[in-house]
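Work through these exercises with the model open. Each task is followed by a stepwise solution.

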Amino acid sequence: MRRGAPRGATQIPTAKAFTPWIAGDFRLPKNMTSDLPPSLISELNNKQIDQLVSLYSNEFWCSRRTRPGVEQMLSCSDIIIGAIDAAEDLVGFVRVLTDYVYKATIFDLIVRPDWRGHNVGRQLMNAIVSHPELEHVEHLDLNCLPEMYNFYERWGFTSDVGRLGFMRRVNRTV
């Protein structure tokens with residue numbers, strides 16, 4: 001079960017589809033017949049979870065993720081946003097872990113290869129940075145490769161974090 005927002009906080013939409021955060025330019029891939037941009041959803045169905053696992057399998061940073069692990073990850077994430085096409089196939093995804101006050105960390109922004117370059121990532125980032133549950137969070141953080149800095153800078157992200165550094169401990173039993 002997904003962790004809930006703190007007592008008194010507004011809950012994120014639970015309906016399958018929501019549209020209030022669609023913003024930014026949208027260009028449809030040439031092989032698509034619909035002229036509609038992807039819809040944003042806050043929960044994934046079984047087919048979409050399979051599609052997310054498939055998306056992960058093709059990326060160096062998450063290729064070892066399994067269906068059971070992804071199910072647990074989704075249930076423990078505070079905010080998830082998927083982008084689906086007219087056939088309700090998953091074309092993009094992003095998630096957030098947060099304490100709703102001081103820190104929120106964006107994880108796993110991923111777009112299906114045939115939808116890359118068509119502003120799906122931008123649509124997902126617009127949804128995150130304008131999400132009502134995150135508007136009062138002091139710091140929004142993310143990790144990315146240096147070649148992605150320009151993409152995230154348009155939302156005010158910076159690699160200038162003073163003397164802070166990134167550290168990791170690998171659990172060898174996993």
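Buried means under 20% relative accessible area, exposed means over 50%, and partly exposed lies in between. Keep in mind that the model is predicted.

**Exercise 1. Classify Glu-88: locate it, give its phi and state its exposure.**

Step 1. Glu-88 sits in the loop between strand 3 and strand 4.
Step 2. Its phi is near 65°, a positive value in a residue other than glycine.
Step 3. Most residues other than glycine have a negative phi.
Step 4. The relative accessible area of Glu-88 is 36%, so Glu-88 is partly exposed.

**Exercise 2. Do the same for Asn-119: is it buried or exposed?**

Step 1. Look in the loop between strand 5 and helix 3 (120–129); Asn-119 is there.
Step 2. Phi of Asn-119 is near 70°, positive in a residue other than glycine.
Step 3. With a relative accessible area of 11%, Asn-119 is buried.

**Exercise 3. Trace the pairing of strand 4 (residues 90–98) with strand 3 and strand 5.**

Step 1. Start with strand 3 (residues 79–84): it pairs with strand 4 in the antiparallel sense, over six bridges.
Step 2. Find a bridge: Ile-84 has Leu-90 of strand 4 as its partner.
Step 3. Check the connection. The hairpin of strand 3 and strand 4 has five residues between the strands, and Glu-88 takes its positive phi there.
Step 4. Move to strand 5 (residues 103–111). Strand 4 and strand 5 pair in the antiparallel sense, again over six bridges.
Step 5. Here Val-96 has Ile-106 of strand 5 as its bridge partner.
Step 6. Four residues lie between strand 4 and strand 5 in their hairpin; in the turn, Tyr-100 has a positive phi of about 70°.
Step 7. Assess the cover. Eight of the nine residues of strand 4 are buried, which leaves the strand mostly covered.

**Exercise 4. Describe how helix 1 (residues 46–57) and helix 2 (residues 67–76) cross, and what makes their contact.**

Step 1. The two axes come within 10 Å and cross at roughly 110°.
Step 2. Angles of 65 to 115 degrees count as roughly perpendicular. Helix 1 and helix 2 are therefore roughly perpendicular to each other.
Step 3. The crossing of helix 1 and helix 2 is right-handed.
Step 4. List the contact. Helix 1 supplies Asn-46, Ile-49, Asp-50, Leu-52, Val-53 and Tyr-56, while helix 2 supplies Arg-67, Val-70, Glu-71, Met-73 and Leu-74.
Step 5. Sort these residues by type: seven are nonpolar, one is polar and three are charged.

Terms used. Residues numbered from 1 in each chain as written. Predicted model: local features only at pLDDT ≥ 70, side-chain atom pairs only at ≥ 80, totals over all residues. Heavy atoms only, no water. Axes fitted to C-alpha atoms, helices over the stretch in contact; angles between N-to-C directions. Helix = DSSP H or I, 4+ residues; strand = E, 2+ residues; numbered from the N terminus. Parallel < 35°, antiparallel > 145°, perpendicular 65-115°, else oblique. Left-handed = near helix turned anticlockwise from the far one by under 90°. Contact = heavy atoms within 4.5 Å. Nonpolar A, V, L, I, M, F, W, Y, C, P; charged D, E, K, R; others polar. Buried < 20%, exposed > 50% of the residue type's maximum accessible area, 1.4 Å probe, protein only. Pairing = 2+ DSSP bridges.
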